[in-house]
Amino acid sequence: MKVTGNDIGMIGLGVMGSNLALNMADHGFSVAAYNRTEAVTREFAAQLRPEQNVRAYYTLDELVASLARPRRVMIMVKAGGPVDAVIGGLETLLDPEDIVIDGGNSHFTDTERRGRSLATKGLHFLGVGISGGEAGARRGPSMMPGGPEEAYQAVRPIFEAIAAQADGGPCVAYLGPGAAGHYVKMVHNGIEYGLMQLIAESYALMKEVLGLSNEELAEVYAEWNEAELDSYLVEITSAIFKRRDVPTGFYLIDLIRGEAEQLGTGMWTSQSAMDLRVPIPNIDIAVSMRNLSALDEERRQASMALAGPGEWGGEGPSQPTSGGRALGGYAGAGRALESHPPTVDTVRNALFAGMVITYAQGFALLRTASDALGYALHLADVASVWRGGCIIRSALLRQIKTVFEQSEGTPSLLLDREAAGLVAERRDDLVGAIEAGISKGVAVPGLMTALAYLDAYRVQWLPSNLIQAQRDYFGAHGYRRLDKEGTFHTDWLVEEGAE
Ligand code: NBP
């Protein structure tokens, strides 16, 4: 018998699509599933149990014909050209009022373009950021939908049923028009980069400076996960340090090459922030550090060419090519370390402060982007959606949600008294952890960036008055003054008073 009432179609049965389809079926929705490569569809269909409400289709026509109206079709394929290819195949089969949903990691500008194009045909387009990986897709992801609100209402029951639940509510909310959902997902990933860099630095400090073993690291991160650092990334970090490689018996972490890879969403966040002129240095440095880590051969050469703390003129790998003054500075910092050795608590507090500052940068970007791109985001809803199911979920997001509920318009999380207090009371430990890294030659650029951002943001005077003077000196770009209104230019080559 020909089926005509499937609740939703799923196109793309890779890691995410197959698990989301099963998740939807678990919640009582009938799902029509299709994948470009037939063998993948067959393999997926073969695993289905009879009671699972999922039917496999081998052509797009059959899939579309099987859907209840208005049709709801979700695309879960690789971002970029594949999404356009699928939409191209679908749009001739769909009718006005049908809804196309892109759940992949699409760039927000692509989502804007697709939404406009499909709207001319009377089709609704939702761009939905989804986080949580394979397990999240199967058991409850965090979902960030954007697009026409009436279209969202038509998929809302499905999304609310399959999303992660936190504090009794689903981790999904309508975020705004156009590409609001994909923009928020991009920033989610940017924050993820920033947090992962900070956690990696806490590992480096505890391994290289404090000498903790993998078992001890697993215990420390597990303990941290019980208190203010309670988060998905800290939780999995603890589990990672416990894992042994079966054939060799070594800890797996010690066998993994330190070349961090990336799919580009962190870089997209930095690019968008540069366009909008929003400072998000913790995300920028995290992207740069992944790029640096990938310079494997160059770093091997540098490890032989460049000396570390105390190695200059001594036991170092070889003589550095330029003067040793900076290294003398490192040795001095080493002495400071002996009198104020950092502890595990120092590192924990520094990490927490860095995390608060990284979230603050991400939310500040969302605030500006929301105004500039017309997304009308409610930052409390964003924090709410991120509380569970996603990679950056953390107990801290509950506090962040409260901050934005109380003062939706605040330009920065750090202007909230409580959030400011969380950072202020840990500032000394942030400094202590950074000093320990400098002294031992352990790079902690994420922590240093967090501290520098804090110190630059919290003071009224910055040396940028000099930058303005320089710009005016060489380019006659003008400057504003503290004592009078207007824009001024000085002919710096003419002597004072002679102008
Ligand atoms: P997979 O790599 O597991 O699957 C890719 C899917 O894209 C397959 O179904 C593949 O079909 C399909 N596809 C490709 Br590639 N080119 C196509 C084309 N031209 N036409 C039609 N289908 C095409 O990806 P995934 O991990 O499920 O990710 C899907 C999306 O979700 C991506 O945008 C990803 O960034 C995003 N995402 C992934 C995760 C995660 O943790 N994996 C988390 C959150 C978001 P085929 O079988 O015929 O090649």
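**Exercise 1. Describe the surroundings of the ligand: which residues come nearest, and which backbone atoms lie by its oxygen atoms?**

Solution. Begin with the shell, where a residue counts as near if one of its heavy atoms lies within 4 Å of the molecule: of the 20 residues around the ligand, Val15, Met16, Asn35, Arg36 and Thr37 come nearest. This is a predicted model, in which local features need pLDDT of at least 70 and side-chain atom pairs count only at pLDDT 80 or more, while totals for chains, interfaces and linings use all residues. Residues are numbered from 1 along each chain as its sequence is written, and side-chain values use heavy atoms, with hydrogens and water left out.

Next, sort the shell by residue type, taking Ala, Val, Leu, Ile, Met, Phe, Trp, Tyr, Cys and Pro as nonpolar, Asp, Glu, Lys and Arg as charged, and the others, Gly among them, as polar; the result is 10 nonpolar, seven polar and three charged residues.

Then turn to the backbone: a N or O atom of Val15 lies 2.9 Å from an oxygen atom of the ligand, a backbone N or O atom of Asn105 also lies 2.9 Å from a ligand oxygen atom, and for Leu13 the corresponding value is 3.5 Å. The protein covers 72% of the 920 Å² of accessible area (Shrake-Rupley method, 1.4 Å probe) that the ligand has on its own.

**Exercise 2. Which residues have the most contacts inside the largest nonpolar core?**

Solution. A nonpolar core is a set of buried Ala, Val, Leu, Ile, Met, Phe, Trp, Tyr and Cys residues joined through side-chain atoms within 4.5 Å, where buried means under 20% relative accessible area, exposed over 50%, and partly exposed in between (1.4 Å probe, protein chains only). The largest such core has 82 residues, and those with the most contacts inside it are Tyr359, Phe363, Leu366 and Trp386. Its largest share, 15 residues, comes from helix α15 (residues 344–373), helices being DSSP runs of H or I with at least four residues and strands runs of E with at least two, numbered from the N terminus.

As a last step, take Phe363: leaving aside residues up to four places away in sequence, Phe363 touches Leu379, Val382, Ala383, Trp386, Leu397, Ile400 and Phe404, contact meaning heavy atoms within 4.5 Å.

**Exercise 3. Is Arg277 buried or exposed, and where does Arg277 lie?**

Solution. Arg277 lies in the loop between α11 (265–276) and α12 (281–293), and its phi is near 60°, a positive value in a residue other than glycine. Arg277 counts as exposed because its relative accessibility is 75%.

Conventions: Polar contact = N/O pair within 3.5 Å; in protein donor to acceptor, adjacent residues only side chain to side chain.
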